[in-house]
Amino acid sequence: WQKINQKGQVVRVINSVYLQVPKKNGKTIMGITPIIYGMYGEGLKGAEFYISANTFDQCQNAALPLALTIENSPDLMVGTRIYKKENKVRSIQYTFYDEDGVKFTNVTSVLSGDNKGNEGKNPAGNLFDEVHDNNDREQYDNLKSAQVVQAEPFNIITTTAGKKPNS
């Protein structure tokens, strides 16, 4: 699952995972697991992660369990702030200091297809939830192409393979 790149660094081989799972079988929960690892366990500094779906409410199906997982873990809560409005998760920020005392913040943000301003991002990781329900590929293409400067970007794409086969 790893290889040595041209710079001599050990990097992951697989950058995108497509999960096509029947409804109510945990695909969204499977999708948030790499976000948690990226935020807290991979050693990234100042990383951006995005949970995206066609609508803000659909994003909450991933953002709320992610927030609950963090809130129920004393280890993960240290340095973490979960921003909610009307009991809906907007973003999660994990602030920490590296071994040299330099401060960093990793952020997971909710980004839906019904929002404007999806340009200018620099994602280390993306969760594209229920892609079969997207109206077009614009958000997916924007976020994926923005990863060009990342050493080890990842994308988790989940779907139930709904009624829009060309999404």
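This is a guided tour of a predicted model, moving from its sheet to a helix, its aromatic rings and one buried asparagine.

**The sheet as a whole**

Begin by selecting the strands of the open sheet, of which there are seven, arranged in the order β3-β9-β8-β4-β7-β6-β5 with mixed pairing. At the edges you will find β3 (16-20) and β5 (80-85), each of which pairs on one side only. If you look along the sheet, neighbouring strands are turned by 15 degrees against each other on average, with direction ignored.

**From the β3 edge inwards**

Select β3 together with β9, residues 154-159, and follow the five bridges over which β3 and β9 pair in the parallel sense. A convenient place to check the register is Y18, whose bridge partner in β9 is I157.

Next, add helix α4 (residues 138-145), which lies across β3, β4, β7, β8 (123-128) and β9 and runs at about 155 degrees to β8.

**The middle: β4 and β7**

Now select β4 (residues 48-53) and β7 (residues 103-112), which pair in the parallel sense over six bridges. Within this pairing, Y50 has S109 in β7 as its bridge partner.

**Two hairpins towards the β5 edge**

Keep β7 and add β6, residues 88-97; the two strands run antiparallel and are joined by seven bridges. Here F96 stands opposite F104 in β7. Between β6 and β7, which form a hairpin, there are five residues, and in that turn G101 has a positive phi of about 85 degrees.

Then move on to β5, which pairs with β6 in the antiparallel sense over six bridges, with I92 in β6 as the bridge partner of I82. These two strands also form a hairpin, with two residues between them, and E86 in the turn has a positive phi of about 55 degrees.

**Helix α1**

Select residues 27-41, which make up helix α1. This helix has 15 residues and reaches 21 Å from its first C-alpha to its last, close to the 21 Å expected at 1.5 Å a residue. Colouring by accessibility will show K27, T28, G31, I32, I35, I36, G38, M39 and Y40 as the buried residues of α1 to look for. Y37, also found in helix α1, counts as partly exposed, because its relative accessibility of 47% falls between the 20% and 50% limits. After the helix comes G43, whose phi is positive, near 85 degrees.

**Aromatic rings**

Display the rings of Phe, Tyr and Trp next, among which there are four aromatic pairs. In one of them, Y40 and Y94 lie 4.6 Å apart from centre to centre with 40 degrees between the planes, a tilted arrangement. This pair links distant parts of the chain, since Y40 belongs to helix α1 and Y94 to strand β6, 54 residues apart. Both Y40 and Y94 are buried.

For another pair, select F49 and F154, whose ring centres are 6.1 Å apart and whose planes stand at 35 degrees, so this pair is tilted. It too connects distant parts of the chain, with F49 in strand β4 and F154 in strand β9, 105 residues apart, and both F49 and F154 are buried.

Finally for the rings, show Y40, Y94, F96 and F104 together, as they form one aromatic cluster. The F96 and F104 of this cluster are the residues that stand opposite each other where β6 meets β7.

**N155 and its surroundings**

For the last stop, centre the view on N155, which has its place in strand β9. Is N155 buried or exposed? Its relative accessible area is 1%, and N155 counts as buried because the limit is under 20%.

Show the residues that N155 touches, leaving aside those up to four places away in sequence: N15, S16, V17, N126, F128, K144 and Q147. One of these contacts deserves a distance label, as a polar contact of 2.9 Å joins the side chains of N155 and N126.

To place N155 within the whole model, draw two C-alpha to C-alpha lines from this residue. The line to Y37 spans 13 Å in space, across 118 residues in sequence, and the line to G79 spans 25 Å, across 76 residues in sequence.

Methods: Residues numbered from 1 in each chain as written. Predicted model: local features only at pLDDT ≥ 70, side-chain atom pairs only at ≥ 80, totals over all residues. Heavy atoms only, no water. Phe/Tyr/Trp six-rings, centres within 6.5 Å; stacked < 30°, edge-to-face > 60°. Helix = DSSP H or I, 4+ residues; strand = E, 2+ residues; numbered from the N terminus. Buried < 20%, exposed > 50% of the residue type's maximum accessible area, 1.4 Å probe, protein only. Pairing = 2+ DSSP bridges. Contact = heavy atoms within 4.5 Å. Polar contact = N/O pair within 3.5 Å; in protein donor to acceptor, adjacent residues only side chain to side chain. Axes fitted to C-alpha atoms, helices over the stretch in contact; angles between N-to-C directions. Expected span 1.5 Å × (residues − 1).
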